[in-house]
Amino acid sequence: MRNMMVKICGVTTEDDAKMVGRFPIHAVGFVFYPASKRFVCPEMAKTFVQIIRDESEGKISCVGVFVDETGERMREIIRYADLDAVQLHGNESVEAVRTLRREGNKVIRRVHPENLVTAEKQYAEFLDAKHNEFWFSSRFNLRRMPADVGARKNLEWNSDECEKPRSFSGQKTQKWPDFTFLTEISGGKMPGGEGVSWEWEVLECLPEVRVPVILAGGVTPENVLKVKNMKNVMGVDVSSGVESGPGRKSEEKIKLLLERLYG
């Protein structure tokens with residue numbers, strides 16, 4: 001069975017940065033959207049990045065989360081905070097993604113389908129075969145889902161694409177992929193999943209693409225095993241599902257989530 005990647009998003013304090021940096025996860029996200037309850041300024045993020053790198057010996061990737069920010073401002077923050085990847089969480093264009101990738105940035109692109117039809121449309125928008133210079137494969141497999149949930153076929157992922165975290169396998173955690181789809185539930189008032197869980201039957205029928213897909217929106221230690229067995233999902237992005245309060249991460253909940261994924 002392939003192994004799942006884990007990203008913890010919305011770290012807001014130095015104590016939480018130290019704590020998550022000691023866990024065998026793949027990435028940590030910092031939110032640069034002022035309206036978010038988990039907003040941090042670039043100065044805070046720079047401190048958190050250094051803490052996490054020290055605690056993890058550089059094995060955890062640090063991600064900046066932006067919502068409809070200008071390219072110039074994103075570049076300033078990327079350089080200042082020394083981020084490893086960029087998560088575009090608003091209505092950024094295909095060209096914005098291409099520009100960031102051409103500049104050498106790893107990109108996580110949020111898609112927020114309301115149903116299978118919009119999921120297919122949003123994936124296809126960013127998998128334009130005419131501009132595939134930075135996708136994992138020049139060929140992608142995007143097929144219309146049948147009406148019958150049970151009629152779908154799963155894409156076979158290469159198990160080498162993601163290693164187990166270091167403390168579970170004894171190997172160094174793999175760096176975050178060059179390009180990733182973050183597929184998230186829609187409907188909240190704010191950008192982000194807001195802890196609203198998926199309708200799992202719909203999730204089972206998400207379009208299958210030859211680009212890594214991570215799932216966000218209502219993922220918790222209690223339901224993460226449902227995600228683990230889905231072949232069209234290679235990881236999870238968790239925020240409120242491992243918190244004791246808005247922006248405050250729970251060590252016990254993160255530990256439980258990882259034990260259920262890798263135990």
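## Where two helices meet

Let's start with a helix pair. Residues E14, A17, K18, V20 and G21 of α1 make contact with T47, F48, I51, I52, E55 and S56 of α2. This is a predicted model, so please read the details below with that in mind.

Helix α1 covers residues 14-21 and α2 covers residues 42-56. Their axes come within 8 Å and cross at roughly 30°. Angles under 35 degrees count as roughly parallel, and the two helices are therefore roughly parallel to each other. The crossing of α1 and α2 is right-handed.

## The nonpolar cores

V20, one of the α1 residues that meet α2, also turns up in the interior: the largest nonpolar core has 53 residues, and V20 is listed with V6, I25, F30, L83 and V236 as those with the most contacts inside it.

Apart from that core lies another, of 10 residues, including M5, V63, A85 and I108.

What does L83 touch, leaving aside residues up to four places away in sequence? Its partners are F30, F32, V49, R53, C62, V63, G64, F66, I77 and I78. Among them, F30 shares with L83 a place on the list of residues with the most contacts inside the largest core.

## The chain as a whole

Stepping back, the protein chain has nine helices and 10 strands. Of its 263 residues, 54% are buried. Counting contacts between residues at least 6 apart in sequence, 66% join residues at least 24 apart.

As for the outside, the accessible surface comes to about 11,900 Å², and carbon and sulfur atoms account for 47% of that surface.

Technical notes. Residues numbered from 1 in each chain as written. Predicted model: local features only at pLDDT ≥ 70, side-chain atom pairs only at ≥ 80, totals over all residues. Heavy atoms only, no water. Helix = DSSP H or I, 4+ residues; strand = E, 2+ residues; numbered from the N terminus. Buried < 20%, exposed > 50% of the residue type's maximum accessible area, 1.4 Å probe, protein only. Contact = heavy atoms within 4.5 Å. Areas by Shrake-Rupley, 256 points an atom, 1.4 Å probe, with all protein chains shown as cover. Core = buried A, V, L, I, M, F, W, Y, C linked by side-chain atoms within 4.5 Å. Axes fitted to C-alpha atoms, helices over the stretch in contact; angles between N-to-C directions. Parallel < 35°, antiparallel > 145°, perpendicular 65-115°, else oblique. Left-handed = near helix turned anticlockwise from the far one by under 90°.
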